[in-house]
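Subject: Structure handover

Hello,

Here is the structure I promised to pass on. Please open it first, then read my notes below.

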Protein chains: 2
Amino acid sequence: MSEKFQRDLLRGSLDLMVLSVVAGEPQYGYLIQKRINLASDGQVKLPAGTLYPLLHRLESEKLIRSKWDSSTGRKRKWYEITAKGKKRLTVQVNQWNQYAECVSSLIGGLTS
Amino acid sequence: MSEKFQRDLLRGSLDLMVLSVVAGEPQYGYLIQKRINLASDGQVKLPAGTLYPLLHRLESEKLIRSKWDSSTGRKRKWYEITAKGKKRLTVQVNQWNQYAECVSSLIGGLTS
DNA sequence: CACCTATATATCGTCCGGCTATACATAGAG
DNA sequence: CTCTATGTATAGCCGGACGATATATAGGTG
């Protein structure tokens with residue numbers, strides 16, 4: 001029940017979250033997973049079955065690009081954001097802010 | 001493209017928005033649609049094909065209840081929130097606030 | 001050695017739900 | 001009489017999050 005809520009919340013903001021993590025510096029999947037979990041205080045547990053297909057999708061949309069590399073330890077697929085990805089991120093951040101404001105105004109004083 | 005983003009954003013927050021609108025005073029579908037559109041400054045255009053199935057779902061979950069009434073003009077289906085709906089609303093408002101804070105922290109200074 | 005856990009990526013199938021398209025009905029304006 | 005706004009409803013499509021599952025390796029423990 002409560003889990004389902006988070007699942008749906010993710011749908012609109014997951015691209016945004018992953019893009020913003022990758023935008024900082026190159027990341028690989030498992031690290032992104034940990035970063036988001038940490039940043040959310042353990043609230044957002046991003047399953048591998050969600051994360052990897054998502055990364056593939058973002059790459060197919062040319063928002064990120066990848067290369068395999070073993071020189072920093074284990075064999076990992078590193079992702080970095082593209083110029084197109086940066087543009088998209090900017091747009092989505094603005095949309096998120098507007099949207100969040102709209103929801104806040106609707107729920108009004110109900111915050112408890 | 002941009003529309004798709006809003007579509008997914010809705011998934012996690014639409015129940016919440018509709019419940020919070022109905023929580024104020026009894027509403028009928030078409031009015032809810034207008035209220036949300038207005039509150040979002042025209043950004044959220046809730047299609048009828050989204051709204052009515054949603055209302056049916058909320059009613060089947062006993063979060064709202066309905067009755068037909070013509071005394072205030074045209075024949076309309078009025079919805080009011082139930083006790084169960086109020087409880088759910090409280091929970092979802094809290095979840096939304098936590099989640100929004102999490103996303104904000106991830107996107108950090110990127111706000112433009 | 002065997003076993004276990006953490007690390008690391010990948011894919012299949014299911015399920016959910018928002019949206020387009022379509023339908024139907026009435027009130028008011030032109 | 002037509003056109004637009006109002007008002008509700010449903011069928012079917014489709015994208016995407018997720019559980020389950022698979023595979024591989026590094027490091028620690030008994």
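Which of the 25 residues around DNA strand D come nearest? They are A:Arg11, A:Thr50, B:Lys4, B:Tyr30 and B:Arg76. Keep in mind that this is a predicted model.

**Around DNA strand D**

Start with the DNA side. Of the strand D atoms within 4 Å of the protein, 67% belong to sugar or phosphate. The rest belong to bases.

Three contacts to bases are worth a look. In chain A, an N or O atom in the side chain of A:Arg74 is 2.7 Å from a base oxygen of DNA strand D. In chain B, the side chain of B:Arg11 places an N or O atom 3.2 Å from a base nitrogen of the strand. A:Gly49 uses its backbone instead: a polar backbone atom there is 3.5 Å from a base nitrogen of DNA strand D.

Several elements give two or more residues to the surface near this strand. From chain A they are α1 (2-24) and α3 (48-60). From chain B they are α1 (2-24), α2 (29-39), α3 (48-60) and β3 (76-81). The largest share, 5 residues, comes from α3(B). By class, this surface has 11 charged, 9 nonpolar and 5 polar residues.

**Helix α2 of chain A and the loop after it**

Next, look at helix α2 of chain A, residues 29-39. Its buried residues are A:Gly29, A:Ile32, A:Gln33 and A:Ile36. Seen down the helix axis, they fall within an arc of 105°, so they line one face of α2(A).

A:Ser40 sits in the loop between α2 and α3 of chain A. Is A:Ser40 buried or exposed? It counts as buried, because its relative accessibility is 2% and the cut-off is under 20%. The side chain of A:Ser40 reaches the backbone nitrogen of A:Val44 at 2.9 Å. A:Asp41, which also follows α2(A), has a positive phi, near 60°.

**The sheet of chain B**

Finally, the sheet. Chain B has an open sheet of 3 strands in the order β1-β3-β2, with antiparallel pairing. Why do β1 (27-28) and β2 (64-69) each have one side without a neighbour in the sheet? Both stand at the edges with a single partner strand, so one side of each is left free of a neighbour there.

β2(B) and β3(B) pair over 6 bridges, in the antiparallel sense. To find the pairing on screen, go to B:Ile64: its bridge partner in β3(B) is B:Ile81.

Best wishes

Methods
Residues numbered from 1 in each chain as written. Chains lettered and ligands numbered in written order. Predicted model: local features only at pLDDT ≥ 70, side-chain atom pairs only at ≥ 80, totals over all residues. Heavy atoms only, no water. Buried < 20%, exposed > 50% of the residue type's maximum accessible area, 1.4 Å probe, protein only. Helix = DSSP H or I, 4+ residues; strand = E, 2+ residues; numbered from the N terminus. Arc of directions from axis to C-beta. Near = heavy atom within 4 Å. Polar contact = N/O pair within 3.5 Å; in protein donor to acceptor, adjacent residues only side chain to side chain. Nonpolar A, V, L, I, M, F, W, Y, C, P; charged D, E, K, R; others polar. Pairing = 2+ DSSP bridges.
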